[in-house]
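I opened the model today to look up helix packing, sheets and aromatic pairs. My notes are below.

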Amino acid sequence: MTGLVDQWGHPLQKELLTQDVAGPSVTGVRSPYSGYPADGLSPSRLADILREADQGEPLRYYELAETIEERDLHYAGVLATRKRSVAQIDITVEAASDDARDVQMADMIREWLKRDELSDEIFDMMDAVGKQTSFTEIIWDSSMGQWQPLRLEWRDPRWFMWDRKTMRVPQLRGGIDGTAVACDLPAFKFIQTQIKAKSGLPVRSGIARIAAWAWMFKAFTQRDWAIFSQTYGQPVRIGKFHEGATKEDKATLFRAVANIAGDCAAIIPQSMQIEFVEAKNVTAGSDLYEKRADWLDRQISKAILGQTNTTDAQSGGLGSGQAQVHDGVREDIETADCKALSAAINRDLIRPWIDLEYGPQRKYPRVVIARPTQEDLQQLTESLNVLVPLGMRVSASEVRDKFGLGDPGETDELLGAPAKADPAVAPPITAEPATIAAHSQQEAPHPAEQIAAAIASFGDLAIGEMVTSIQSMLDRATDLAEFRAMLDAAFGEIDSTALANALAGGIVAAQAAGRADAIEET
């Protein structure tokens, strides 16, 4: 027993961390075999199942939720779409600070997240989309003298229940050994993911509870549709015999009429006839059943994805605008799922892991599940070029995260800014002897022109640096007043030494050119 506790205040029992405490038991109450309460489901029976869950026994409700997912292709498809939309998003880790110890903790988590099994484990955690809650058992490993999650095992929600006092605190059915009364979940052993479809008690906040009624009505519609198709899908076959037909003739005709649908062939005497009478309301009746089933499917799509445009062929009158609206709604749902899953992992996995390995911390590293924001990195670079020289303090690790770069190691070769050439010192002129001889035969430019050309190139470089800074301010400013304020704020900080030297050089060049011309004239 240690002083560490979980979110519910349950004390840590380290001897349980490496054990499977919520696995199935054939002889206990956590049976791997499931019932099928959906067989022969009726409105009154469905109400009894939901009422039973509300009173603290959700076993049959979770069995029903599993059955619906297995038997309804549309429900299973849209539910899997929402799960996988989160399971395939890359996970990032944010260190608590730039301190070496905090970075070390974050790197430990990043290394563990590279496991190939992580995508499947995230998908299993997203089982909470349908049932509101999912439980994932953490099997810890300490064989190397360090604590580390060995694997994450999805556990059947049928093996859990809720306390009778608040109906919010989860309990393990059958206790640790599976044969006793329900007990509180051991500390640091489970990731409890909760994704709400509505506010309320956990057992009443899942999509499966909402979808159960639609699924039942759809099952009634499909059953009636099958009966209708069987009855009216084939024309009525009428056999006619002549007045003097014997019993053997009538029997022959009846067998022909009865078997003609399956065999598609029959032999009858020439004097007999078979007529096919088709029902006139077959198409209208069939369309009614199909429209009702499609309408129920669209309601399921709205409940799970928040839209129907990507699951049903509904173009509507808004064209591409409708698709954009629907995609936006689904993006909101995905973002909420990512935040809920990130919160569960940070609370039930990351923090316990850091507590076990490093002890309690004031701040902990955070796992972030989110699609990367489409940020203008070029604009960010230009802004940093202006703001950092003005004194703005920017976290280096945050900038690296935005560019997708990791923290450099101690032995890594580091990139740096290239050394700037001293404009006051002209680079040496090197040329081949033949080139020098060729130029010597040409007329040499005027000395003043040579000095002016050198000063002009240096002045362009000095002015270019200032123009770049001013251009960045102009791009960020929303109006001229803001641009003027930015110029006033940065006026004292802009280095004008190079420009002053260029202007001084220009004056010297002009004076030298005038003296050279005067000498030539005399």
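These entries go through the model topic by topic. I am working from a predicted model.

**Entry 1: two helices**

I started with helix α1 (residues 43-54) and helix α2 (residues 59-71). A pair of packed helices is described by the angle between the axes and the distance between them. Here the axes come within 7 Å and cross at roughly 125°. That angle makes α1 oblique to α2. I then listed the contact residues. From α1 they are R45, L46, D48, I49, L50, E52 and A53. From α2 they are R60, Y61 and L64. I sorted them by character: six are nonpolar, four are charged and none is polar.

**Entry 2: strands β1 and β10**

Next I checked how strand β1 (residues 91-94) pairs with β10. The two run antiparallel and share four bridges. I found E94 standing opposite R366 of β10. In a regular strand, side chains alternate between the two faces of the sheet. Which residues of strand β10 (residues 366-369) make its covered face, and which its uncovered one? V367 and I369 are on the covered face. R366 and V368 are on the uncovered face. So the residue opposite E94, R366, belongs to the uncovered face of β10.

**Entry 3: the sheet β3-β2-β7**

I moved on to an open sheet of three strands, in the order β3-β2-β7 with antiparallel pairing. β3 (148-155) and β7 (190-194) are the edge strands. Each has a single partner strand, so one side of each lacks a neighbour in the sheet. Direction ignored, neighbouring strands here are turned by 25° against each other on average. I counted five bridges between β2 and β7, which run antiparallel. One partner I looked up was that of T133, which is Q194 in β7. Helix α5 (residues 118-125) packs on this sheet and touches β2, β3 and β7. The direction of α5 makes about 40° with that of β3.

**Entry 4: the sheet β4-β5-β6**

Another open sheet has three strands in the order β4-β5-β6, again with antiparallel pairing. Which strands stand at its edges? They are β4 and β6 (183-184). Each has a single partner strand, so each has one side without a neighbour in the sheet. Strand β5 (residues 170-172) and β6 run antiparallel and are joined by two bridges. L172 has C183 of β6 as its bridge partner.

**Entry 5: aromatic pairs**

Last, I went through the rings. A ring pair is described by the distance of the centres and the angle of the planes. I count seven aromatic pairs. In the pair W112 and W353, the centres are 5.8 Å apart and the planes stand at 70°, so the pair is edge-to-face. W112 lies in helix α4 (residues 100-112) and W353 in helix α10 (residues 320-358), so the pair ties together parts 241 residues apart in sequence. Are these two tryptophans, W112 and W353, buried or exposed? Both W112 and W353 are buried.

I then took F135 and W162. Their ring centres are 6.3 Å apart with planes at 50°, so this pair is tilted. F135 sits in strand β2 (residues 133-141) and W162 in strand β4 (residues 160-162), so the pair ties together parts 27 residues apart in sequence. F135 and W162 are both buried. Ring pairs also link F135, F160, W162 and F190 into a cluster.

How values were computed
Residues are numbered from 1 along each chain as its sequence is written. This is a predicted model: local features need pLDDT of at least 70, side-chain atom pairs count only at pLDDT 80 or more; totals for chains, interfaces and linings use all residues. Side-chain values use heavy atoms; hydrogens and water are left out. Buried means under 20% relative accessible area, exposed over 50%, partly exposed in between (1.4 Å probe, protein chains only). Two strands pair if DSSP finds at least two bridges between them. Axes are lines fitted to C-alpha atoms, for helices over the stretch in contact, and angles run from 0 to 180 degrees between N-to-C directions. Angles under 35 degrees count as roughly parallel, over 145 as roughly antiparallel, 65 to 115 as roughly perpendicular and the rest as oblique. Contact means heavy atoms within 4.5 Å. Ala, Val, Leu, Ile, Met, Phe, Trp, Tyr, Cys and Pro count as nonpolar, Asp, Glu, Lys and Arg as charged, and the others, Gly among them, as polar. Rings of Phe, Tyr and Trp (its six-membered ring) pair if their centres lie within 6.5 Å; planes under 30 degrees apart count as stacked, over 60 as edge-to-face and the rest as tilted.
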